[in-house]
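Here is a friendly walk through one structure, written with a modeller's eye. Have the viewer open and follow along.

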Amino acid sequence: MMDKESFRKEAHKLVDWMADYLEGVEKYPVRSQVKPGEIYHQIPESAPEHPIPFEQTFKDFENILMPGITHWQHPMFMAYFNANTSYPSILGEMLTAALGAQCMIWDTSPAAAELEQKVCDWMRDLLRLPKELTGVIQDTASTATLCALITAREKYSDYAINQEGFGSMPKFRIYCSEHAHSSIEKAVKIAGFGQENLVKIKCDENFSMNAPALKEAVKKDIEEGLQPLVVVAALGTTSTLALDPLEEIGQICQQYRIWLHVDAAYAGTSAILPEYHWIHKGMDYADSYVTNPHKWMFTNFDCSLYFVKDQESLIRTFEILPEYLKTKNTDRVNNYRDWGIQLGRRFRALKLWMVLNTYGAEGIRLLYRKHIEITEVFAEKIRSHKSFRIMAPVFLNLVCFRYQPDGINDEEADALNARIMDSINNSGRAFLSHTRLNGKYVIRTCFGQSQVDWLHMDRLYKELMKTISLITTEN
Ligand SMILES: Cc1ncc(COP(=O)(O)O)c(C=O)c1O
C-alpha cells in the first residue's frame, strides 16, 4: 500500500518522468516494435497476493510496458488522425484523477456541471456553430452518434420506442456516405435499426456525398413504405477529410423531416480559424453535431463535444430518475447523466478548460495554421515529383498519396505502396497509415501532432525517398 509521503515522493518523480518523456519522445520508435503476446507473457499469471513496492511496479512499467507503447505524442506520428495531448491537458487530467469526482449530476460536483456547460458554450461560439445549439461532453464521437440515432428514434415515435420497443413501428432508414466512419454502422446496429437499413450513398469524385443520390434514395425508400429517419453528414471523412455538402443535405432533410446529424469528429475544430468558418455553412439545418477536441485540439483522449438543437428531446430520451438520484435542484441545473448513455462521468471539462485558458484561441490557431502550411508544402513536394500522385483533394493537414512510377500497373503499385509504408512503420522512424480510394491502396499522412514541425515533414519526405530507393534497388 502507499502512504501519503510515498505518494508525494512518487508523484514528484512521475511528473519529472512525464516531462522527460515528452521532451525526449523522439528517441523512441514511433510504432511499438513488439510481437503479439510479447507483453502479455511478461506479466505474472495471477494478481499479486502481497504488496509490491511502487518502485518495482514502475520499473516494470518502464521495462515491460514501455516497449509496447506506440508513441502518439511523437511528432513523426502521422498515422490515422492524431490524439494529441499537451501540458495543460495532462495537468487537467492529473487534477481530475486526484479529485476523483463522479460528475453524474449537478449535486455530485456543481463545478463540473457548470464548467462543462460553460466550455461547451465557449466551443460552440469559437467554432461559429449556431447559437441555438446546446453542448455536452461525451467520451467519443461514436457515443455521440449513437445518442443522435437513439434520440431521433425517440422523437419520431414520441418516446414510444423507449417505452414499448419497436412493436409495429415502420422500418427506419439511416443514410450516410460510402466514406462515412464505421462508428455510424456500429450505432445503427446498437440502436436496433438493423445494419441492412443503413443506406450508403455514393460519393462524387472528391469523396463527398452525392446529394442528388441521397434525395433519390430517400424518395425510393418512401415509395417502398420505409421511413427515412437520420442522415449522417460527414464534415471531414476519415479516409480523406472530404466534406459532405451540408446545405444541400440539410435542405433534403428539411423537406423530408429527417434528423440531420453532423459528424465533424476530426475537422470540426478547424473552424476555430476564421478562414475555415465556412465549413459550418449549413449547420442551421443540423439537429446534432459532434467534434472531438481529443483529436487535433491538444486535449487528452477522451473529450468529445456533442451539440443538439433540441435539448429537451435528448433529455427525454435518456433521463432516468430513480429515487436515490432525486435532488431538489433537478429543474434548475444540468444533470448530465440524462444527456447520454453513461451514469458515472469523468470531469472532462477541466482539461478542456485548461487547454483553452493556457493556449487561448489564438495559440490554437497559431499551431493549426502551422500544421496546415506544413501540409501544403509537403503536398507540393509530392505533386511536383513525377512518380507520386496526390489521390484526394488536400484539406487541412491530411495528404493522401501514392507512389506509381511509369511502367507498373495498379496492382503492382498497390503492393509497392504497402511495402513502402510497412517498411517505414517497421523502421520506427515514422508512422503512417493507409486507406483505399477507388480500389487503390493509398498512403495517408496527417501533420497534426502537437509538436510536429517543418523538420519532421522534411524527415518524412527523405524517409520516403530512401525507402523507395532501397526497395527498388532490391528488386
Ligand atoms: C469522421 C470520424 N467520425 C468518428 C470517429 C470516431 O471517433 P471516436 O474514436 O471519438 O469514437 C472518427 C475517428 O477517427 C472519425 O474520423
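Y159 sits in the loop between α5 and α6 (160-164). This is a predicted model, so keep that in mind as you look at its backbone angles. Although Y159 is not a glycine, its phi is positive, at about 65°. Is Y159 buried or exposed? Because its relative accessible area is 14%, and buried means under 20%, Y159 counts as buried. D158, just after α5, also has a positive phi, about 55°.

Step back from that loop into helix α5 itself, which covers residues 141-156. How far apart should the ends of its 16 residues be? At 1.5 Å a residue the expected span is 22 Å, and the end C-alpha atoms are indeed 22 Å apart, so the two values agree. The helix is mostly covered, with 13 of its 16 residues buried. One residue of α5 to pick out is E154. Its relative accessibility is 0%, which means that E154 counts as buried. The side chain of E154 also makes a polar contact with the side chain of R153, at 2.9 Å.

Now to the ligand. Which residues are closest to it? The shell holds 13 residues, and the closest are A141, S142, T238, D263 and N292. By class, this shell has 3 nonpolar, 8 polar and 2 charged residues. Three side chains come with polar distances to ligand atoms, set out here:

| Protein side chain | Ligand atom | Distance |
|---|---|---|
| S142 | oxygen | 2.5 Å |
| T238 | oxygen | 2.9 Å |
| D263 | nitrogen | 2.7 Å |

Taken alone, the ligand exposes 390 Å², and the protein buries 86% of that.

A few other places are worth a visit with the viewer. The peptide bond from F301 to D302 is cis, with omega near 5°. D302 belongs to the loop between β6 (288-291) and β7 (304-308). Another positive phi in a residue other than glycine turns up at N438, near 50°. N438 lies in the loop between β10 (433-437) and β11. With 69% relative accessibility, where over 50% is the cut-off, N438 counts as exposed.

Further along is Q449, in the loop between β11 (440-446) and α13 (454-474). Its relative accessibility is 1%, so Q449 counts as buried. Q449 and H371 are 78 residues apart in sequence, while their C-alpha atoms are 8.4 Å apart in space. For another pair, take C253, a residue of helix α9 (residues 246-256). C253 counts as buried because its relative accessibility is 2%. From C253 to Q138 there are 115 residues in sequence and 25 Å in space, C-alpha to C-alpha.

Finally, zoom out to the whole protein chain. It has 13 helices and 11 strands. Its C-alpha atoms fill a box of roughly 65 × 65 × 45 Å along the principal axes. How does the radius of gyration fit with the 475 residues? A compact globule with that number of residues would have a value near 23 Å, and the protein chain has 24 Å, so the two agree. Of those 475 residues, 53% count as buried.

Methods:
Residues numbered from 1 in each chain as written. Predicted model: local features only at pLDDT ≥ 70, side-chain atom pairs only at ≥ 80, totals over all residues. Heavy atoms only, no water. Near = heavy atom within 4 Å. Polar contact = N/O pair within 3.5 Å; in protein donor to acceptor, adjacent residues only side chain to side chain. Areas by Shrake-Rupley, 256 points an atom, 1.4 Å probe, with all protein chains shown as cover. Nonpolar A, V, L, I, M, F, W, Y, C, P; charged D, E, K, R; others polar. Helix = DSSP H or I, 4+ residues; strand = E, 2+ residues; numbered from the N terminus. Expected span 1.5 Å × (residues − 1). Buried < 20%, exposed > 50% of the residue type's maximum accessible area, 1.4 Å probe, protein only. Rg over C-alpha atoms; globule rule 2.2 N^0.38 Å.
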